[in-house]
Amino acid sequence: MRVATDIGGTFTDLVYVNEDGEIGVAKSHTTPPNFEKGVIDVIEKSQIDQTAIQTFIHGTTVIINALTERKGVKTGLITTKGFRDVLEIARGNRPDLFNVRYKKPEPFVERYLRQEIDERLNYKGEVVSRLNKEQLKDIILYFQKENVEAIAVSYLHSYVNPVHEIETVKMIQELWPEVAVTASHDVTQEWREYERTNTAVLNSYVKPIAASYVNRLHTKLLENETHSQNYIMQSNGGTTTFSRAKQTPINMVESGPVAGIYGAAVLGEIIGEDNIIAFDIGGTTAKCSLINKGEVKVSTEYFIEKDERNAGYPIKVPVVDIVEIGNGGGSIAWIDDAGSLKVGPQSAGALPGPVAYGQGCTEPTTTDANLVTGRLSPDNFDYAVDLDKVKTAIKEKVADYFDLSVEEAALGIIRIANSNMLNALKLISIRKGHNPRDFSLVAFGGGGSMHAPALAKELGVKKVIVPVASPVFSAWGMLMTDLRHDYIQTYIKRLLQVDLKELNKEWNSLEAKSLTQFKEEDIDESRVIFSRYADIRYLGQEHTVKVPVPSGQWTEETILEVVNHFADLHEQHYTFKLEGTPAEIVNLHLTAFGRVMKPQLKKLSASSGSLEQALKETRQVYFEEVGWLETNIYHRQLLNKEVQISGPAIVEETSASTVLYPGQSLTVDEYGNLIIDTGGSENDATSNES
């Protein structure tokens, strides 16, 4: 049996598949700060035989929470003499150019804990000045005196030659084996001194937190006689072992969200949809990503806490390209100083949760608004819902201020939330040169299917797909993943002048490194598949284009093929190409997959049941522009394949509701996915963007 669990801001999800290919799901409340308890709770709630679990895959928000809440450990930095302030200097490009009060991000390591050491390599990786080990001993003693719990080591040009970082880590482990230590070359071998140093620092900052959490979770699993192969979801869309995750936890920074994106790509491959917008609404956030021609975009240009006013913190590890905003079911509606209604980013979270939970929250949320407008039923909550209390919260906090009815205020909350989500969807589609009409929207998470039909129509997307197990789809995506490791090496060479023997040696070295790592994870060489990319730019440019390149030994013909492919991709990305201008490689990027057995989607069996049998009830639902409408409510589990439903209608399942607007229609495909025709017009996307 394969089991996947995913920790969200409000709920912890579980999906399992047994030997017969049957899929089961469960959902329980997230239990901060002891997140492992929520994992065990949801396993117990699923009632599966825990001793039968052979593969356990886990996605967690522990790392991103520790970073954004500043709950890591006291960290020290050792760096090359003269580079103590690289974290402070950061980059000169300011996101808020005309803000005279702009402040750079505060480094995660205070200056007194950033220590310099005599050592130096040149840009070729040749030793100019040897490591001063006597200085290193003094630094270690100083960090011990200051009660440092983790150390980051980042030396100039160590991405070319890590010899001094290796010596430093070895001495630290000999003199102080208890401290957590990260060498920058262990997390990234790309250039960019500031980004590489910051990544090493953040890895050390959360390393003890990650180790403690993974150890506690592993212990809990063993106590329940779960002797499985255990993996954790990484930000690149693949998995890694528990032991490896403890060494480089920064690779888990987007552990949970990316699984749903990858799952959407897998689902698209199964049902013949290459172009997909993956859209996930949870209790705290909404996340979206664009999948073009079946390819999930992965980049090392990732930041936390970056927005139009803040530069954020770079993390130079492979992360699926994803846009995330603070709008989910638990997002709080509030009125700003200018008298405008806002929704999020503040969230009621798992505790106390929305007003409907009855756990002490007095601020109305998106979930409360959906409840008042009839999109959600009080009968589907885990708690006894006091609807009058929910209405009172919306009345006092929103409706009275704008002199509206409670229903109008609730609809206003939903429309503001939808507007925020629409902006995020535009960021990953229209703003990047993609026409939304060429894509289908896969909606999942607890609130995805509730908001997606309205958003898709506004964006111009004609088809919405609500997958089976949509409330726990990120966990489902984990079941479909392979082990994955990315190896990125900065290698700056002009393409037409490159030494082919040396270049092939670099590729072979990366592949050998990956095979060694997979061997440590008990993955046979026959199950390893490689994909190669090169980050290439025109000479004199700053930005690069990631170009898929051939495997095997490169020849002169290969070089010409890569140059032509780069020119075409550059024109696609930037609308031009520079004929005759030399191109150069900046990074070599090897992606290695360790293939594992995955469950097969089962098709729905033939049934003679009628649509009337799936009808649960009829109730009043409040819609934009038309007001209250008598609306049919259906059990999703009782819908047969090829059944057709016309809006207005709602399809309910455990922990999710799909809202079908007037003029929209829904069919059920052979796998049980809900396929919605949104009724969007040819001009929706263009008119909304203008």
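Trainee: Is Val160 buried, exposed or partly exposed?
Mentor: Let's start with where Val160 sits, which is the loop between strand S9 and helix H5 (163–175). Buried means under 20% relative accessible area, exposed means over 50%, and partly exposed lies in between, using a 1.4 Å probe and protein chains only. Val160 has a relative accessible area of 36%, so this residue counts as partly exposed.

Trainee: What pLDDT do local features need in this model?
Mentor: Residues are numbered from 1 along each chain as its sequence is written, and side-chain values use heavy atoms, with hydrogens and water left out. This is a predicted model, in which totals for chains, interfaces and linings use all residues, side-chain atom pairs count only at pLDDT 80 or more, and local features need pLDDT of at least 70.

Trainee: Which residues does Val160 touch, leaving out those up to four places away in sequence?
Mentor: Contact means heavy atoms within 4.5 Å. The C-alpha atoms of Val160 and Thr490 are separated by 7.5 Å, although these residues are 330 residues apart along the chain. Apart from residues up to four places away in sequence, Val160 touches Tyr123, Lys124 and Gly125.

Trainee: Which strands of the sheet S6-S5-S9-S10 stand at the edges?
Mentor: Helices (H or I, at least four residues) and strands (E, at least two) are DSSP runs numbered from the N terminus, and two strands pair if DSSP finds at least two bridges between them. Here 4 strands form an open sheet with parallel pairing, in the order S6-S5-S9-S10. One side of each edge strand is left without a neighbour in the sheet, because each has a single partner strand; the two are S6 (114–117) and S10 (180–183).

Trainee: Which residue of S6 is the bridge partner of Ile78?
Mentor: Strand S5 (residues 75–80) pairs with S6 in the parallel sense, over 4 bridges. Within S6, the partner of Ile78 is Gln115.

Trainee: At about what angle does helix H7 run to S9?
Mentor: Axes are lines fitted to C-alpha atoms, for helices over the stretch in contact, and angles run from 0 to 180 degrees between N-to-C directions. Neighbouring strands of the S6-S5-S9-S10 sheet are turned by 20° against each other on average, direction ignored. Helix H7 (residues 193–223) lies across S5, S9 (150–154) and S10, and its angle to S9 is about 160°.

Trainee: How many of the residues of strand S32 are buried?
Mentor: In a regular strand the side chains alternate between the two faces of the sheet. In S32, Ala649, Val651 and Glu653 point one way while Ile650 and Glu652 point the other way, and all are buried. Strand S32 (residues 649–653) is therefore largely enclosed by the rest of the structure, with a buried count of 5 of the 5.

Trainee: Which residue of S33 stands opposite Ile650?
Mentor: Strands of a sheet pair through backbone hydrogen bonds, either parallel or antiparallel. S32 runs parallel to S30 (residues 627–635), joined by 4 bridges, and there Glu652 stands opposite His635. With S33 (residues 656–660), S32 pairs in the antiparallel sense over 5 bridges. Opposite Ile650 in S33 stands Val659.

Trainee: Which residue in the turn between S32 and S33 has a positive phi?
Mentor: These two strands form a hairpin with 2 residues between them. The turn residue with a positive phi, about 75°, is Ser655.

Trainee: About what phi does Gly460 take, just after H13?
Mentor: Helix H13 (residues 448–459) has 10 of its 12 residues buried, so this helix is largely enclosed by the rest of the structure. The buried ones include Met450, His451 and Leu459. Just after the helix, Gly460 takes a positive phi of about 100°.

Trainee: Which residue in the loop between S29 and S30 has a positive phi although it is not a glycine?
Mentor: The loop in question lies between S29 (615–623) and S30. The residue is exposed, because its relative accessibility is 82%. Its phi is about 70°, and the residue is Glu625.

Trainee: Which strand holds the proline joined to Gly344 by a cis peptide bond?
Mentor: Pro32 and Pro33 are also joined by a cis peptide bond, with omega about 0°, and Pro33 lies in the loop between S3 (23–29) and H1 (35–46). From Gly344 to Pro345 the bond is cis, with omega near 0°. Pro345 is found within residues 341–347, which form strand S22.
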